[in-house]
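User: I'm new to this structure and would love a close look at a single part of it. Could you pick up where two helices meet and then walk me outward from there?

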Amino acid sequence: MGGITTDIKLIDEKGLRLDGRRPDELRPLKIEAGVLRRADGSAYVEWGENKVLAAVYGPRECHPRHRQNPARAIVQCNYNMASFSVSDRKRPGPDRRSQEISKIISEALEHVVFTHLFPRTSIDVYIEVLQANAGTRCAGLTAASVALADAGVPMKDLIASCAAGKVADTIILDLRKEEDNFGQADVPLGIVPRTGEIVLLQMDGDLTVEEFNTALTMATDACYRIYETQKDALRQKYCVSKDDIAGDIEEAAENIEESKKENELEQQDDVPDDQEGGQ
Ligand code: UDP
């Protein structure tokens, strides 16, 4: 970032990017809710070449205890990039970058979770990056909010997140690694779509005010598209259509009919002997 020079042509003559995308085009995004059995809630996100898993536990007793807040729950996020997630093996364990990302994601999530409902507790969010190609904090935050909803944690809304930036003097959406490394600016954004609040905003590199506003608008529009995919993932897991349960309804109707017939037969058998046939 910050204009490191490269021979790679980040925007070609047709105005297209390295992977053939237009400047305002997102990478393909897939979200699945509830992928882990042991966690209270989970989500898996594939976003371009990024593969990110989020798991949620809680609200549960807060550890370490000195972090407990008597008035509300705290959201503790742990963002981790697997050693095998990047081409140059990443040294395992926390580093300054992962601590920074964990902190900004925790703070963003605390804005949407109704923390006052669960004093003294902790809501623990684990984000594991299995494969990285820039934009993993946005993918992590997007996955974490779906995982929180999957865990049934009360929230005012999901958070949708996406970055915009600048390469070859062009404002672009959703940077891939080469664009992140050799571009001029990167602006990750996280919003609460229902209210439009901004809960995550960072900027690496240089932009004029006008360029910044263009990038912000581009990323905000993308967040609303991402929000739809997040809701679809939750619908996919929790909504059943009439067609899905048509077989069950038919079976239930047959059972009711059968027990009705059995009841009628039992009632006939229960008629006392002196009433039978004589009256
Ligand atoms: N990256 C890497 N090794 C590292 C950290 C990052 O190869 O130790 C790559 C990885 O693809 C990551 C990208 O650089 O997604 C951009 O990292 P950045 O810190 O900008 O965060 P991100 O864009 O993933 O939120």
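Analyst:
**Where two helices cross**

Helices α2 and α4 cross in a right-handed sense. Please keep in mind that this is a predicted model. The angle between α2 (136–150) and α4 (residues 209–238) is about 30°, and their axes lie 11 Å apart. On the α2 side, the contact is made by Thr142, Ser145, Val146, Ala149 and Asp150. Helix α4 answers with Ile226, Gln230, Ala233, Leu234 and Lys237. Sorted by character, the residues of this contact are 5 nonpolar, 3 polar and 2 charged.

Let's stay with α2 for a moment and turn to the ligand. Both α2 and α3 (177–182) give two or more residues to the shell around the ligand. Thr136 and Arg137 belong to that shell, and so do Lys177 and Asp180. The ligand is also surrounded by Val86, Lys90 and Arg97, together with Ala132, Asn133, Ala134 and Gly135. By character, the shell holds 5 charged residues, 3 polar ones and 3 nonpolar ones.

Next along the chain, have a look at strand β8, which spans residues 185–192. Here 8 of the 8 residues are buried, so β8 is largely enclosed by the rest of the structure. You can check this face by face: Ala185, Val187, Leu189 and Ile191 are buried on one side. On the other side, Asp186, Pro188, Gly190 and Val192 are buried as well.

What does β8 pair with? One partner is strand β6 (residues 160–167), which is antiparallel to β8 and joined to it over 7 bridges. Within that pairing, Cys162 stands opposite Leu189 of β8, a residue already listed among the buried ones.

Strand β9 (residues 197–201) also runs antiparallel to β8, and 4 bridges join the two. Val192 of β8 faces Glu197 of β9. These two strands form a hairpin with 4 residues between them. In the turn, Gly196 has a positive phi of about 80°.

Finally, the short run β10 (residues 204–205) pairs with β8 in the antiparallel sense over 2 bridges. There, Asp186 of β8 has Asp204 as its bridge partner.

To retrace the walk on the model, begin at the crossing of α2 and α4, move to the ligand shell to which α2 and α3 contribute, and end at β8 with its buried faces.

Conventions: Residues numbered from 1 in each chain as written. Predicted model: local features only at pLDDT ≥ 70, side-chain atom pairs only at ≥ 80, totals over all residues. Near = placed C-beta within 6 Å. Nonpolar A, V, L, I, M, F, W, Y, C, P; charged D, E, K, R; others polar. Buried ≥ 20, exposed ≤ 12 C-beta atoms within 10 Å, placed from the backbone. Pairing = 2+ DSSP bridges. Axes fitted to C-alpha atoms, helices over the stretch in contact; angles between N-to-C directions. Left-handed = near helix turned anticlockwise from the far one by under 90°. Contact = placed C-beta atoms within 7 Å.
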